[in-house]
Amino acid sequence: MARIPLDPPRTLLNRLVAGYSRRAYGKVIEPLLALGHHRRVLLTDARFEKSLARWNKLDRGLKDLAVMASSAAIGCSWCMDFGYWEGRRNGMSHEKLHDVPFWRDSDVYTPLERDVMEYAEAMTATPPTVDDALADRLRTALGDEALVELTAMVAVENFRSRVNSALGLTSQGFKDSCDVPARPAHRTPPA
């Protein structure tokens with residue numbers, strides 16, 4: 001249960017943000033409702049997220065896995081739910097997204113994907129536990145720009161996940177809208 005009311009004041013800004021969220025995500029995302037209690041925090045977050053969306057040096061799939069690995073390490077169910085939805089929207093397989101919390105025991109990931117998730121977890125630890133060998137492997141595989149973007153994305157997800165977890169935001173049902181519903185049994189039309 002949220003630790004802050006999810007009914008912020010009905011200001012023009014909050015109504016505009018809610019309308020955008022409904023168009024973009026099919027519903028008003030609860031982090032926006034929580035941040036709607038503080039105009040400057042909401043505006044800063046919106047500008048920052050818009051800027052993040054333009055980062056493009058890191059492969060989208062690797063970015064999705066890093067974000068989810070960080071969310072899983074922190075234990076943010078809202079971020080895991082939304083991350084699954086976003087990963088599916090970006091074309092990632094159900095198996096890869098589903099297995100993120102126990103990626104070490106799964107055989108669906110490439111060595112690079114494993115390094116990315118290991119890096120995300122190591123950065124998320126307090127204190128961070130990134131080692132030189134892992135950073136060197138990633139730098140060799142990704143290049144400097146993509147490694148910087150990966151590092152920044154994990155740091156951003158730490159911010160998001162910690163804010164959402166501290167405010168008590170939990171799954172909002174995004175993952176449920178990704179699964180393909182079972183087809184009804186084929187019926188033969190009447191003659």
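**Exercise 1. A helix residue and its partner**

Is E121 buried, partly exposed or exposed, going by its relative accessibility? Then find the residue that pairs with the side chain of E121 in a salt bridge.

*Solution.* Keep in mind that you are looking at a predicted model.
- Step 1: the relative accessibility of E121 is 22%. Buried would need a value under 20%, and exposed one over 50%, so E121 counts as partly exposed.
- Step 2: look for an oppositely charged side chain. E121 meets R104 in a salt bridge, with 2.5 Å from N to O.
- Step 3: place both residues on the chain. E121 sits in helix α7, while R104 belongs to the loop between α6 (94–98) and α7. With 17 residues separating them, the pair links distant parts of the chain.

**Exercise 2. A bridge between two helices**

Work out which helices are linked by the salt bridge of R137 and D115, and say how accessible each partner is.

*Solution.*
- Step 1: the two side chains meet at 3.0 Å, N to O.
- Step 2: R137 is in helix α8 and D115 in helix α7, 22 residues apart, so this pair too links distant parts of the chain.
- Step 3: R137 has a relative accessible area of 39% and is therefore partly exposed. D115, at 13%, is buried.

**Exercise 3. A bridge within one helix**

Locate the salt bridge between R160 and E157, then find the network that holds this pair.

*Solution.*
- Step 1: the closest N and O atoms of R160 and E157 are 2.9 Å apart.
- Step 2: both residues lie in helix α9, three residues apart, which is about one turn of the helix.
- Step 3: R160 and E157 are both buried.
- Step 4: together with E49, they are linked in a network of salt bridges. The whole structure has nine salt bridges.

**Exercise 4. The nonpolar cores**

Describe the largest nonpolar core, then the other core that lies apart from it.

*Solution.*
- Step 1: the largest core has 24 residues. V100, M117, Y119, L138 and L150 have the most contacts inside it.
- Step 2: the elements giving two or more residues to this core are α4 (60–74), α5 (77–89), α7, α8 (132–142) and α9 (144–166).
- Step 3: take Y119 as an example. Beyond its neighbours within four places in sequence, Y119 is in contact with V130, L134, L138, L147, L150 and T151.
- Step 4: the other core has 14 residues, including C76, F82, W85 and F174.
- Step 5: for a wider view, nonpolar side chains in soluble globular proteins tend to be buried together.

**Exercise 5. Two cysteines**

How many disulfides does the structure hold? Decide also whether C76 and C79 are buried or exposed.

*Solution.*
- Step 1: the number of disulfides is zero.
- Step 2: C76 has 1% relative accessibility, so it counts as buried.
- Step 3: C79, at 6%, counts as buried as well.

**Exercise 6. The end of helix α7**

Follow the chain from T124 to P127, looking at the surroundings of T124 and at the peptide bond before P127.

*Solution.*
- Step 1: T124 is found in helix α7, which covers residues 111–124.
- Step 2: its relative accessibility is 6%, so T124 counts as buried.
- Step 3: leaving aside neighbours within four places in sequence, T124 touches S70, A73, I74, V154, N158 and R162.
- Step 4: P127 lies in the loop between α7 and α8. The peptide bond joining T126 and P127 is cis, with omega about -5°.
- Step 5: for comparison, most peptide bonds are trans.

Methods. Residues numbered from 1 in each chain as written. Predicted model: local features only at pLDDT ≥ 70, side-chain atom pairs only at ≥ 80, totals over all residues. Heavy atoms only, no water. Disulfide = S-S within 2.5 Å. Buried < 20%, exposed > 50% of the residue type's maximum accessible area, 1.4 Å probe, protein only. Helix = DSSP H or I, 4+ residues; strand = E, 2+ residues; numbered from the N terminus. Contact = heavy atoms within 4.5 Å. Core = buried A, V, L, I, M, F, W, Y, C linked by side-chain atoms within 4.5 Å. Salt bridge = Lys/Arg side-chain N within 4 Å of Asp/Glu carboxyl O.
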